[in-house]
Amino acid sequence: MSEEIRFITKPKLGQAMLARAFAAGVPRAWVVGDSGYGADHQARRLIEAHGRSSVLAVTSAQRSDASRSRLGSRMGPPGAGRG
């Protein structure tokens with residue numbers, strides 16, 4: 001029996017799982033994930049395209065565009081609340 005085993009990156013695997021869940025009509029409003037998914041703009045766009053909210057971790061090396069965030073206007077300016 002010959003099976004092909006392919007390497008798939010964590011973000012690509014996550015995108016495939018999300019696409020299957022969305023296609024199956026999984027009734028969830030939120031998607032959560034670690035920085036492996038938070039660093040992947042395609043995964044974030046897929047989540048947004050299906051009308052889901054998300055909480056995705058990011059590393060300190062990533063920049064945030066608060067103007068794109070639905071919460072951006074309520075979060076205040078960058079650095080707010082840091083003492």
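The largest nonpolar core of this protein chain has six residues: Leu-18, Phe-22, Val-31, Leu-46, Ile-47 and Leu-56. Helices H1 and H3 each supply at least two residues of this core. Please keep in mind as you look around that the model is predicted. Let us start with the whole chain and then visit the two helices, a few single residues and the confidence scores.

**The chain as a whole**

- The secondary structure of the protein chain consists of four helices and two strands.
- Starting at the N terminus, you will meet these elements in the order α-β-α-α-β-α.
- The chain has 83 residues, and 17% of them are buried.
- About 6900 Å² of the protein chain is exposed, with carbon and sulfur atoms supplying 56% of that area.
- Among contacts with a separation of 6 or more, 45% are between residues 24 or more positions apart.

**Helix H1**

- Helix H1 covers residues 10-23, which makes 14 residues. From its first C-alpha to its last, H1 reaches 20 Å, close to the 20 Å expected at 1.5 Å a residue.
- Which residues of H1 are buried? They are Gly-14, Gln-15, Leu-18 and Phe-22.
- Looking down the axis of H1, you would find these buried residues within an arc of 100°, so they line one face of the helix.
- A general rule helps here: an α-helix has 3.6 residues a turn, so residues three or four places apart point the same way.
- Turn to the face of H1 that points away from its buried side, and you will find the exposed residues Arg-20 and Ala-23.
- What do the buried residues of H1 pack against? Their partners are strand E1 (30-33), helix H2 (35-38) and helix H3 (41-49).
- After H1 comes Gly-25, which has a positive phi, near 75°.

**Helix H3**

- Ala-43, Leu-46 and Ile-47 are the buried residues in H3.
- Down the axis of H3, its buried residues fall within an arc of 100°, so they too line one face of their helix.
- The cover over the buried residues of H3 includes H1, E1, H2 and strand E2 (53-56).
- H3 is followed by a glycine, Gly-51, with a positive phi near 70°.

**Residues to find in the structure**

- Ile-47, a member of the largest nonpolar core, touches Leu-18, Phe-22, Val-31, Arg-52, Ser-53, Ser-54 and Leu-56, leaving out residues up to four places away in sequence.
- Leu-18 sits in helix H1. Is Leu-18 buried or exposed? Its relative accessibility is 16%, under the 20% limit, so Leu-18 counts as buried.
- Setting aside neighbours within four places in sequence, Leu-18 is in contact with Val-31, Leu-46 and Ile-47. Leu-18 and His-50 are 32 residues apart in sequence, and their C-alpha atoms are 9.7 Å apart in space.
- Gln-15 is also found in helix H1. Gln-15 has a relative accessible area of 15%, under the 20% limit, so this residue is buried.
- Which residues does Gln-15 touch, not counting those up to four places away in sequence? They are Asp-40, Gln-42, Ala-43 and Leu-46.
- The C-alpha atoms of Gln-15 and Ile-47 are separated by 8.8 Å, although these residues are 32 residues apart along the chain.
- Arg-63 gives you an exposed residue to look at. Arg-63 lies in the loop between E2 and H4. Its relative accessibility is 81%, over the 50% limit, so Arg-63 counts as exposed.
- Arg-63 and Ala-39 are 24 residues apart in sequence, with 9.8 Å between their C-alpha atoms.

**How confident the prediction is**

- The average pLDDT of the protein chain is 80, and 73% of the residues score at least 70.
- Which element has the lowest mean pLDDT, and which the highest? Helix H4 (residues 72-75) has the lowest, at 46, and H1 has the highest, at 93.
- Over residues 72-76, pLDDT stays under 50. For these residues the model has three contacts beyond four places in sequence.
- As a general caution, where pLDDT is low, the predicted coordinates should not be read in detail.

How values were computed:
Residues are numbered from 1 along each chain as its sequence is written. This is a predicted model: local features need pLDDT of at least 70, side-chain atom pairs count only at pLDDT 80 or more; totals for chains, interfaces and linings use all residues. Side-chain values use heavy atoms; hydrogens and water are left out. Buried means under 20% relative accessible area, exposed over 50%, partly exposed in between (1.4 Å probe, protein chains only). Contact means heavy atoms within 4.5 Å. Accessible areas come from the Shrake-Rupley method with a 1.4 Å probe; for residues, only the protein chains shown count as cover. The expected span of a helix is 1.5 Å times one less than its number of residues. The arc is that of the directions from the helix axis to the C-beta atoms. A nonpolar core is a set of buried Ala, Val, Leu, Ile, Met, Phe, Trp, Tyr and Cys residues joined through side-chain atoms within 4.5 Å. pLDDT is the predictor's confidence in each residue, from 0 to 100.
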